[in-house]
Amino acid sequence: MKWSKKGHEYDLIYKNIETINQVYLFGAGHDGAMVKQILSERYQSVSVMGFIDNNKKKQGTVYLGLQVYALEEIELKKHTAVVITFASEWVQKVDTQLAEHHWTKGVNFFHYEEFIAVVAAYRYKELFMSSLSLLTTTKCNLRCKACLNFTTYIKHCMDYPLEDLKTDIDRLFHSVDYLGLLHISGGEPFLYPNLAELIQYIDKNYSSQIYSLETVTNGTVEPKEELLQVFRDTHIKITIDDYRESLPQYREQIERNIEKIYKTVGEEKIILKKYEEWIDLYPYPQEELKEEELVQKYNRCHVPWQEYRRGKLYTCNYAAFASVAGLIKEPDEAEQYDFTSYRKEDLKKAMEFRLGFSEKGYAEFCKKCAGYLEINTHKVKPAVQE
């Protein structure tokens with residue numbers, strides 16, 4: 001989205017939010033649990049009345065102490081809104097479903113990233129961000145053809161200095177009051193030699209400002225005992241990408257690693273994630289797109305991540321990764337938000353940038369990228385090796 005009223009893009013939407021005193025959360029799952037806790041414990045200006053879910057098995061049950069309803073059971077009342085808590089790949093479908101039931105986006109239904117960020121900024125004078133990605137290393141032991149971090153293109157892999165990452169973290173939480181998810185990424189994070197110390201530093205100093213601190217592994221790297229103990233003793237959660245079917249040559253190693261992590265860390269802190277397919281982002285040249293078309297493409301892309309690196313937030317996670325891999329130049333200032341010069345009076349501008357606003361309204365990488373899940377038609381098998 002291209003800035004037209006920098007610092008005031010959500011003035012009208014907040015006027016609508018001001019009239020709302022109760023909400024239903026659409027999605028009785030992982031993100032719904034996060035939104036429920038944040039609204040119930042930190043931004044308490046609205047009451048969470050229950051969940052909505054399209055899964056008939058969930059309807060009529062109780063989730064986190066609240067009833068789960070079908071959308072048809074919810075009345076379109078004054079002062080009532082729906083907050084969508086689904087992952088980005090489902091957002092457009094849920095938008096359409098709610099519109100068909102005569103709910104209006106920005107009036108009585110909202111995406112949770114916008115809803116919480118606007119409430120936090122306008123009512124509580126706080127900077128809330130739904131998620132950020134933090135790179136620790138560009139090293140990886142796999143060579144996946146469709147790697148979303150473009151690791152296979154990197155000629156000289158490296159580890160980011162621990163002290164630099166600590167400085168970045170300090171600067172971030174000096175500005176950001178609350179963060180939904182801080183995702184420690186790579187490369188393969190388990191190859192980062194200082195991962196244990198970094199997790200301990202974040203957990204000790206900033207756990208009260210983070211709903212969920214998480215990292216990820218491809219499952220093929222055996223975690224060191226020191227790292228497992230840190231996993232056990234901190235608030236970190238670990239996603240294990242389960243590539244046993246895609247990488248049969250690693251099956252036994254992956255199974256040993258999964259068993260070891262589960263045994264030491266505990267099931268409640270682990271997300272075992274399987275993939276039916278991946279998307280391929282690059283290279284898909286689209287140089288013929290005009291500026292207006294690029295803005296429209298970026299708005300439809302719904303990339304849920306933005307990378308934070310060296311005090312700067314990048315408008316597109318994958319554009320930032322592509323620059324690290326040498327596929328494009330470093331994104332220019334119009335695609336960055338510089339937290340080294342952040343002031344409290346910049347709160348709404350920073351909030352708007354995280355929600356997708358920028359001077360250009362798109363990333364230069366949009367000219368080469370096929371886009372994120374909803375708009376990307378290039379599906380490939382997961383973890384296929386070069």
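These are my notebook entries on a predicted model.

**Entry 1: the sheet**

I began with the strands. I found an open sheet of 5 strands, with parallel pairing and the order β7-β8-β9-β10-β11. I looked up its edges: they are β7 (128–135) and β11 (270–273), each of which pairs on one side only. I noted that neighbouring strands of this sheet are turned by 20° against each other on average, direction ignored.

I then took one pair inside the sheet. Strand β8 covers residues 178–185 and strand β9 covers residues 210–217; the two run parallel and are joined by 5 bridges. For Ile184 I wrote down Thr215 in β9 as the bridge partner.

**Entry 2: the loop after β8**

I followed the chain on from β8. Gly187 is in the loop between β8 and α6 (195–206). The peptide bond that joins Gly186 and Gly187 is cis, with omega at about 25°.

I listed another cis peptide bond, which joins Tyr282 and Pro283 with omega at about -5°. I placed Pro283 in the loop between β12 (278–279) and α9 (291–301).

**Entry 3: helix α4**

I turned to a helix. α4 spans residues 112–123, which is 12 residues. From its first C-alpha to its last it reaches 16 Å, close to the 16 Å expected at 1.5 Å a residue. Is α4 enclosed by the rest of the structure, or open? I found that 9 of its 12 residues are buried, so α4 is largely enclosed. Among the buried residues I noted Tyr112, Phe115, Ile116 and Tyr122. Lys125 follows α4 and has a positive phi, near 55°.

**Entry 4: positive phi elsewhere**

I recorded His302, which has a phi near 55°, a positive value in a residue other than glycine. His302 is in the loop between α9 and β13 (308–309), and I have it as partly exposed, with a relative accessible area of 23%.

Ala383 also went into the notebook, with a positive phi of about 60° although it is not a glycine. Ala383 is in the segment after β16 (379–380). Its relative accessible area is 1%, so I count Ala383 as buried.

**Entry 5: cysteines**

How many disulfides does the structure hold? I counted 0. The cut-off is that the two sulfur atoms must be within 2.5 Å. Why does Cys144 have no bond to Cys147? The sulfur of Cys147 is the closest cysteine sulfur to that of Cys144, but it is 6.2 Å away, too far for a bond. Cys144 is buried, at 9% relative accessible area.

For Cys366 I got a similar entry: the closest cysteine sulfur is in Cys316, at 6.3 Å, which is too far for a bond. Cys366 counts as buried at 10% relative accessibility.

**Entry 6: empty space**

I counted 3 cavities of 30 Å³ or more. The largest cavity has a volume of about 70 Å³. Cys366 and Cys316 turned up again here, in the lining of the largest cavity. Others in that lining include Lys297, Tyr298, Val303 and Phe365.

My last look-up was the second largest pocket, with a volume of about 260 Å³. Its lining has 15 residues, and Lys6, Glu333, Gln336, Tyr337 and Asp338 lie nearest its centre. Which elements give two or more residues to this lining? I found β15 (336–338) and α11 (347–354). β15 gives the most, with 3 residues.

How values were computed: Residues numbered from 1 in each chain as written. Predicted model: local features only at pLDDT ≥ 70, side-chain atom pairs only at ≥ 80, totals over all residues. Heavy atoms only, no water. Pairing = 2+ DSSP bridges. Helix = DSSP H or I, 4+ residues; strand = E, 2+ residues; numbered from the N terminus. Axes fitted to C-alpha atoms, helices over the stretch in contact; angles between N-to-C directions. Expected span 1.5 Å × (residues − 1). Buried < 20%, exposed > 50% of the residue type's maximum accessible area, 1.4 Å probe, protein only. 1 Å grid on protein atoms, 1.4 Å probe; cavity = no way out; pocket = protein on both sides within 12 Å on 5 of 7 lines; lining within 4 Å. Points joined across faces, edges and corners; volume = space filled by probe spheres on them.
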